[in-house]
Amino acid sequence: MGIIESIRKWIDGEVSDDPLAVVDEQARPRRVWEEFLVKVAREVEAVMQREMFTPPGGPTYIPPEYVVYLSSDDDKEWQGEKRRGLEQGLYYVLSERARELSGQTQLATKSFAVELRVDGTLNKGEFRVQPVWETSEAGGHTLVTARPAELGGGEQSNAPADTDQPESEVTKVAVRPQELYSVEVWRGGVRQSVVPVTKNEITIGRGSKSVTVDLPIKGDPEVSRSHATLELDNTGRYWFTPKGRNPTFVGGREIPREERVEVRPDEKIEIASFTLRIQPK
């Protein structure tokens, strides 16, 4: 942990010398991940400081999870043990930093999770950080934290009963669905959202009070209430089927209504003024 501790102190401003500059020449291959870790850690810390707040008389709140989006090329280079090492290094640096940022105020957030995902719109060497205050997806976390959420469907808490403990302080564990992939939603050249998908088949459309869709895209009257379906089969292939009355395009080709076509990750799915892109896990 020596180099990570040096990086943490450098980020915090405790030392002025770049710890990477004094790494032994024989350890040169390590510089790539060290430099990348420093860049990502600084950006996550900046997001952490922007998001943190302390209500009058209360503790300091900081987002408990941070999703770091990498380019497709960088994602391929950070796999397996190397990926877990990067996540753990970020977690170590940032959990220490969070406690220092809270100062004398109690920190309400007791633990953190750092997760790496793919953003096909980024170039190699670029990344972006998204804070997550509450999340329903699972998978890929360095640290999994039990959430104080109400259980439903007959599930029971794993926490022992304690009649002397106030109900608001009892931690209840809920099962979170597994994220299979995510879908980016773009409009007018601006990314509107990144929607996690936890089902093999989802419906897409603007929805209504009587029609519920899994991936809502609202604000354009040319989008049908239930405009299309998107399916992930057992072989890992994606299938798109238009259901709406207005034209729908996949990869620039108009797809007839009710025709099931294969769509590749990052291939454009155009529905009225919206563009969707699949991002695998």
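Two strands count as paired if DSSP finds at least two bridges between them. I start there since the first element I want to show is a strand pair. What you have in front of you is a predicted model.

The pair is β1 and β2. Strand β1 covers residues 65-70, and 6 bridges join it to β2, the two running parallel. To place one of those bridges, take E65: its bridge partner in β2 is A113.

Now β2 itself. How many of its residues are buried? The count is 6 of the 6, so β2 is largely enclosed by the rest of the structure. In a regular strand the side chains alternate between the two faces of the sheet. For β2, one side carries A113, E115 and R117, the other carries V114, L116 and V118, and all of these are buried, which leaves both faces covered.

Some overall numbers before going further. The protein has 4 helices and 14 strands. Of its 281 residues, 41% are buried. If you take contacts between residues at least 6 apart in sequence, 58% of them join residues at least 24 apart. The exposed area of the protein is about 15400 Å², with carbon and sulfur atoms supplying 48% of it.

Next, a single residue, E184. It sits in strand β4, residues 181-187. Is E184 buried or exposed? Its relative accessible area is 1%, and the cut-off for buried is under 20%, so E184 is buried. Its side chain makes two polar contacts I want to point out. One goes to the side chain of W186, at 2.9 Å. Another goes to the side chain of R191, at 2.8 Å. Leaving aside residues up to four places away in sequence, E184 touches a set of residues that includes D119, G120 and T121, then R191, S193 and V194, and also T275, L276, R277 and Q279.

On to salt bridges. A search of the whole structure finds 12 of them. I will go through three.

The side chains of D74 and K124 meet in a salt bridge, at 3.3 Å from N to O. D74 lies in helix α3, residues 72-77, and K124 is in the loop between β2 and β3, so this pair ties together parts that are 50 residues apart in sequence. The two partners differ in cover: D74 counts as buried at 4% relative accessibility, whereas K124 is partly exposed at 48%.

The second salt bridge is between E262 and R237, whose closest N and O atoms are 2.8 Å apart. Which parts does it tie together? E262 is in strand β12, residues 261-263, and R237 is in the loop between β8 and β9, so the parts joined are 25 residues apart in sequence. E262 is partly exposed, with a relative accessible area of 36%, and R237 is partly exposed at 37%.

The third salt bridge brings together the side chains of R253 and E259, at 4.0 Å from N to O. R253 is partly exposed, with a relative accessible area of 45%. E259 counts as partly exposed at 31% relative accessibility. Elsewhere, salt bridges that share partners join D119, R128, E184 and R191 into one network. That brings back E184, the buried residue of β4.

Strand β12 also belongs to a sheet. Strands of a sheet pair through backbone hydrogen bonds, either parallel or antiparallel. Here, 5 strands form an open sheet in the order β7-β6-β8-β9-β12, and the pairing is mixed. Which strands are at the edges? They are β7, residues 215-216, and β12, each of which pairs on one side only. The partner of β12 is β9: 3 bridges join them, and the two run antiparallel. One residue pair to look at is Y238 with its bridge partner in β12, V263.

Last, the surface. F53, Y61 and W133 form a nonpolar patch there, with about 280 Å² of accessible area together. Of these, W133 is found in the loop between β3 and β4. W133 is partly exposed, with a relative accessible area of 31%.

To recap the cases: β2 is buried along all 6 of its 6 residues, E184 is buried and joined into a salt-bridge network with D119, R128 and R191, and β12 is an edge strand of the open sheet. That is what I have.

Note on methods:
Residues numbered from 1 in each chain as written. Predicted model: local features only at pLDDT ≥ 70, side-chain atom pairs only at ≥ 80, totals over all residues. Heavy atoms only, no water. Buried < 20%, exposed > 50% of the residue type's maximum accessible area, 1.4 Å probe, protein only. Polar contact = N/O pair within 3.5 Å; in protein donor to acceptor, adjacent residues only side chain to side chain. Contact = heavy atoms within 4.5 Å. Patch = residues over 30% accessible without salt bridge, like charges linked within 9 Å, V, L, I, M, F, W, Y side chains within 5 Å. Areas by Shrake-Rupley, 256 points an atom, 1.4 Å probe, with all protein chains shown as cover.
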